[in-house]
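Here are a few exercises to work through with the structure open beside you. Try each task before reading its solution.

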Amino acid sequence: MSNIHILEHPLIQHKFTLLRDKAVGAKDFRELLSEISMLMAYEITRDFPTKEVEVETPVAVAKGKVLAGKKVGLIPILRAGLGMLDGMLRLIPAAKVGHVGLYRDPETLKPVEYYCKLPTDVANRKLIVVDPMLATGGSASAAITLLKEKGAKDIILMCLVGAPEGAATIQRDHPDVPVYLAALDERLNDHGYIVPGLGDAGDRIFGTL
Ligand code: PRP
Ligand code: URA
């Protein structure tokens, strides 16, 4: 799938493997998720445009580069997306943050929207939608549709782990949106959980198991 990118960096893979372990409690889960998010942010920003500038060091003038592209907006999908926010903000501290609240109906597996608060200038920003889980893809697809309705044109989706079904949903609904994952797993089970996955991300982050 052309728009799906797996981030193979050894540190991302190592920490993600630790995170999957069911014995990891909420404190360590949050810490690992934050570290992985920071590393993923580092990887997905490697092609961001730069421009040359001059800077005066204590010794002489040096040529250097600074970021030159659109300003960034981070869009965590509540709740679990919040677990990826602080790691990303550590690398992109000037980003504005918009929140989209969606939960997946346990019967229909369809996303239900309950909150949306976005920066006013999403149309002019590069938006990074973050959510650890891309299962059916319904939640991420709905969040991206909502952002496009507000005028957003430049959107990236960053999830920790996806199922083939979720990746296909984003490819079908939003072929313009690149998807970055630490892992693409085997399948969904009958309850719409990713197999092998990591369980319920929101519950593991917030200790509501
Ligand atoms: C989880 C996860 C995604 C969604 C993925 O959220 O954080 O948002 O499920 O599933 P999908 O791809 O099939 O839509 P959940 O609905 O459990 O809500 P929570 O984050 O509040 O726990
Ligand atoms: N949401 C989760 O938190 N985990 C899954 O495996 C699927 C959806």
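Helices and strands here are DSSP runs numbered from the N terminus, with at least four residues (H or I) for a helix and at least two (E) for a strand. Please keep in mind that the model is predicted.

**Exercise 1. Strand 4 and its surroundings**

Task: Work out which residues point each way from strand 4, and whether they are buried or exposed.

Solution:
- Step 1. Begin with the general pattern: side chains in a regular strand alternate between the two faces of the sheet.
- Step 2. Now sort the residues: Val72, Leu74, Pro76 and Leu78 point one way from strand 4, while Gly73, Ile75 and Ile77 point the other way.
- Step 3. Check burial, for which the cut-off is under 20% relative accessible area. Seven of the seven residues of strand 4 (residues 72–78) are buried, so the strand is largely enclosed by the rest of the structure.

**Exercise 2. The partners of strand 4**

Task: Find which strands pair with strand 4, and name a bridge partner in each.

Solution:
- Step 1. Take strand 8 (residues 126–130): five bridges join it to strand 4, and the two run parallel. Here proline 76 has valine 130 as its bridge partner.
- Step 2. Turn to strand 5 (residues 96–97), which pairs with strand 4 in the parallel sense over two bridges. Leucine 74 is matched with valine 97.
- Step 3. Go on to strand 6 (residues 99–104), where the pairing with strand 4 is again parallel, over two bridges. Look for isoleucine 77 opposite valine 100.
- Step 4. Trace the connection: strand 4, helix 3 (residues 85–91) and strand 5 make up a β-α-β unit, and this unit is right-handed.

**Exercise 3. A three-stranded sheet**

Task: In the open sheet 9-11-13, determine which strands stand at the edges.

Solution:
- Step 1. Read the order: three strands form this open sheet as 9-11-13, with parallel pairing.
- Step 2. Count neighbours: strand 9 (133–134) and strand 13 (183–184) each have a single partner strand, so one side of each is left without a neighbour in the sheet.
- Step 3. Zoom in on one pairing: strand 11 (residues 161–162) is joined to strand 13 by two parallel bridges, and glycine 162 stands opposite leucine 184.

**Exercise 4. The site of ligand 1**

Task: Describe the shell around ligand 1 and its polar contacts.

Solution:
- Step 1. There are 14 residues around ligand 1, and Arg104, Asp131, Thr136, Gly137 and Ser139 come nearest.
- Step 2. Assign them to elements: strand 6, strand 9 and helix 4 (138–149) each supply at least two residues of the shell.
- Step 3. Sort by class: six are nonpolar, five polar and three charged.
- Step 4. List the distances from oxygen atoms of ligand 1: 2.4 Å to a side-chain N or O atom of aspartate 131, 2.8 Å to a polar backbone atom of glycine 137, and 3.1 Å to a polar backbone atom of alanine 80.
- Step 5. Finish with coverage: the protein covers 90% of the 500 Å² of accessible area that ligand 1 has on its own.

**Exercise 5. The site of ligand 2**

Task: Say which residues surround ligand 2 and how much of its area the protein buries.

Solution:
- Step 1. The shell consists of Arg104, Met133, Ala135, Gly192, Tyr193, Ile194, Gly199, Asp200 and Ala201.
- Step 2. By class, these are five nonpolar, two polar and two charged residues.
- Step 3. Look at the backbone: isoleucine 194 has an N or O atom 2.8 Å from an oxygen atom of ligand 2, and glycine 199 has one 2.8 Å from a nitrogen atom of ligand 2.
- Step 4. Taken alone, ligand 2 exposes 240 Å², and the protein buries 89% of that.

How values were computed:
Residues numbered from 1 in each chain as written. Chains lettered and ligands numbered in written order. Predicted model: local features only at pLDDT ≥ 70, side-chain atom pairs only at ≥ 80, totals over all residues. Heavy atoms only, no water. Buried < 20%, exposed > 50% of the residue type's maximum accessible area, 1.4 Å probe, protein only. Pairing = 2+ DSSP bridges. Right-handed = clockwise from strand over helix to strand, strands pointing away. Near = heavy atom within 4 Å. Polar contact = N/O pair within 3.5 Å; in protein donor to acceptor, adjacent residues only side chain to side chain. Areas by Shrake-Rupley, 256 points an atom, 1.4 Å probe, with all protein chains shown as cover. Nonpolar A, V, L, I, M, F, W, Y, C, P; charged D, E, K, R; others polar.
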